[in-house]
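Welcome, and thank you for taking a look with me. Let us walk through a few places where parts of one chain are held to one another.

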Amino acid sequence: MCHLPPALCLPRSEEMENCCRGSLLSQLSSLLLLFQLPAGSSVELIVAVLSADIMLPCLVSPDMDVENMEMWWFRSKFPEAVFIYQNQREQREEQLPHYRGQTSMVKDFLTQAEAAVCIYNVQAFNNGLYTLKVAGVGSAPQVHITGPEEDGVQVLCIASGWFPKSQVQWRALSGEKFPMFSETQAQDAEGLFTIEATLVVRDSSSGNVTCSVLNPILGQEKEMAIFIPEPFFPQSSPWKLAFMVILTVLMLLLLGAVFYIMREHTAKHQEIQEWEKLHRDKEEYQQIKEEALKARGKAGQGQGKQVWKLKLCLFYCSEIKLTVSLDPESAHSRLAVSDDKTSVTFKDSPKSSDDGVYSVFGHEGITSGCCYREVEIKNAERSEWALGVCRRDVERKGWYQESPEKGFWVVGMYENTLCSLPGNSKLDVPIPQRVGVFLDLKEWDVSFYNMTDGSHIFSFSLASSSGTLFPYFRLRSGDVSLTMCSGVGRPEPVSLSGKGFSSGCGVDGDLPGTESPLLPCGPKAMSP
């Protein structure tokens, strides 16, 4: 930084007196020129007379010996040099041509941070702004290895005597720059900077590394390279590799042990839950049997047997879900079977039928064991329908009558009356909206239940020679549809003798005794 003194000329030495000889007011012309010099953040003025000599003094801040520094006086922009002081002498190579021989350096007080330049025979082109830049190129960087660091080698670069702050860069032998390193620049009592830059080299193949220091004003750079032998880099210990392998194996074994323990714990927990469920099933079975025996004693042998059978069937069916599907190939041409094969209705929704009855079979036949299903009837009171079981070889052309002698065991609506269709005997029970059909080929009977209130509708006895039986569904008139019900999404169970139940499908084998563990199994079925 340059500060102007208050006087235009400072005659402190013979050189200064020669520069400022004579009174400025006694020169040939009275034309005044304006010389501008920056002082800190402001601009100060120096007035000169044409053809006279003028001195451009400067006080360098901070105070330092500038005798060995490099100083540039320039006009509007750097490096249009008015005067260059370098290596303790004037340098003319980069000086503006019309200032050569017109300027000189006042060297008396360079050690006291004072610098001045004289301009002789001032001309009009000398008018303008003058700036002084001071810069110093210090020592070449010194680079040495300080020792191992982390997983590499630490290298230190030191350079001193630089002004102003310089730019430091580390480069590999290939010219690639190292972006990550630490750097400090400290200013000494003379105002010069000492640079310390530390780099950790981790790649043993880097070979030479170079530290360079650049003066940003002068564009001058000094650098030094150092070769790092490969043995200086930390060597991978075989014990370390073995330790990592052993640690990895131990971690895998630990994870495997944790997984095994969790799996065993889960399996044990599931076993306990299954045992508890089996225990609850036994208790529920015992309660069902006791209620059935009470109902048998109060209502007679037949009614008690039906209550026992329905409750036991529904108890099993809550464990096994079977969905009866319809066989579209067996459906009458005037019937429409849904895509999921669980519902049947009229294609044209006729109000009455004069040319016959229309029926469809279930897809699978039952050969042994027990089977239970539920059917929901739309408009049960205002239409004619029937459902139950039949043999596969029954006659279903035109008008035909459903009876056990012809291989049909069904109940349904006929002329606004709920009937067991053999003889169309009227049943004195409420018309059901949802019917449960329980086929028991061990007891050789089929029973029908009103699943709205859990009441028994009717039962047929079967001959042991009935063979394979198929679910049977018939429509005759009305806006009616029959839909198979699955175990999912059904309404809350109704109560039989105070005990709730829910529907499902069937079980195989005899009705269990008191000691039975209630392990259900499905019916044996065959496709038509």
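Is Arg434 buried or exposed? Keep in mind as you look that this is a predicted model. Arg434 has a relative accessibility of 12%, and since the limit for buried is under 20%, it counts as buried. Its side chain meets that of Glu374 in a salt bridge, with 2.7 Å from N to O. The two residues come from distant parts of the chain: Glu374 belongs to strand 23 (residues 370-378) and Arg434 to strand 28 (residues 434-440), with their positions 60 residues apart in sequence. Glu374 is buried too, at 3% relative accessibility.

Now move along to another pair. The side chains of Glu402 and Arg474 also meet in a salt bridge, this one at 3.1 Å from N to O. Here the link runs from a loop to a strand: Glu402 sits in the loop between strand 24 (384-391) and strand 25 (408-414), while Arg474 is in strand 31 (residues 469-477), and the pair is 72 residues apart. Glu402 counts as buried with a relative accessibility of 6%, and Arg474 counts as buried with 3%. Across the whole structure, a search finds 8 salt bridges.

One more of these contacts takes us to an earlier stretch of the chain. Arg171 forms a salt bridge with Glu221, and their closest N and O atoms are 3.8 Å apart. Once again distant parts of the chain are linked, with Arg171 in strand 14 and Glu221 in strand 18, 50 residues apart. Arg171 has a relative accessible area of 19%, so with the limit at under 20% it is buried. Glu221 has a relative accessible area of 44%, which makes it partly exposed. There is a third member to meet as well: Arg171, Glu221 and Glu223 are linked in a network of salt bridges.

The strands that hold Arg171 and Glu221 are worth following further. How are strands 14, 17 and 18 arranged? They form an open sheet of 3 strands in the order 14-17-18, and the pairing is antiparallel. Strand 14 (167-172) and strand 18 (221-227) stand at the edges, each with a single partner strand, so one side of each has no neighbour in the sheet. From one strand to the next, the twist averages 20°. Strand 14 and strand 17 run antiparallel and are joined by 6 bridges. To find one spot in this pairing, look at Ala172, whose bridge partner in strand 17 is Val209.

Strand 17 also leads us to a covalent link. The structure holds 1 disulfide, and it joins Cys157 to Cys211, with 2.0 Å from S to S. Cys157 lies in strand 13 (residues 152-162) and Cys211 in strand 17 (residues 208-214), so the disulfide ties together parts that are 54 residues apart in sequence. The torsion about its S-S bond is about -75°, so this disulfide is left-handed. Where do its two cysteines lie, buried or exposed? Both Cys157 and Cys211 are buried.

Two other cysteines round off the tour. Cys419 is buried, with a relative accessible area of 3%. Cys485 counts as buried as well, at 12% relative accessibility.

Definitions and conventions
Residues are numbered from 1 along each chain as its sequence is written. This is a predicted model: local features need pLDDT of at least 70, side-chain atom pairs count only at pLDDT 80 or more; totals for chains, interfaces and linings use all residues. Side-chain values use heavy atoms; hydrogens and water are left out. A disulfide is a pair of cysteine sulfur atoms within 2.5 Å. Helices (H or I, at least four residues) and strands (E, at least two) are DSSP runs, numbered from the N terminus. Buried means under 20% relative accessible area, exposed over 50%, partly exposed in between (1.4 Å probe, protein chains only). Two strands pair if DSSP finds at least two bridges between them. Axes are lines fitted to C-alpha atoms, for helices over the stretch in contact, and angles run from 0 to 180 degrees between N-to-C directions. A salt bridge is a side-chain nitrogen of Lys or Arg within 4 Å of a carboxyl oxygen of Asp or Glu.
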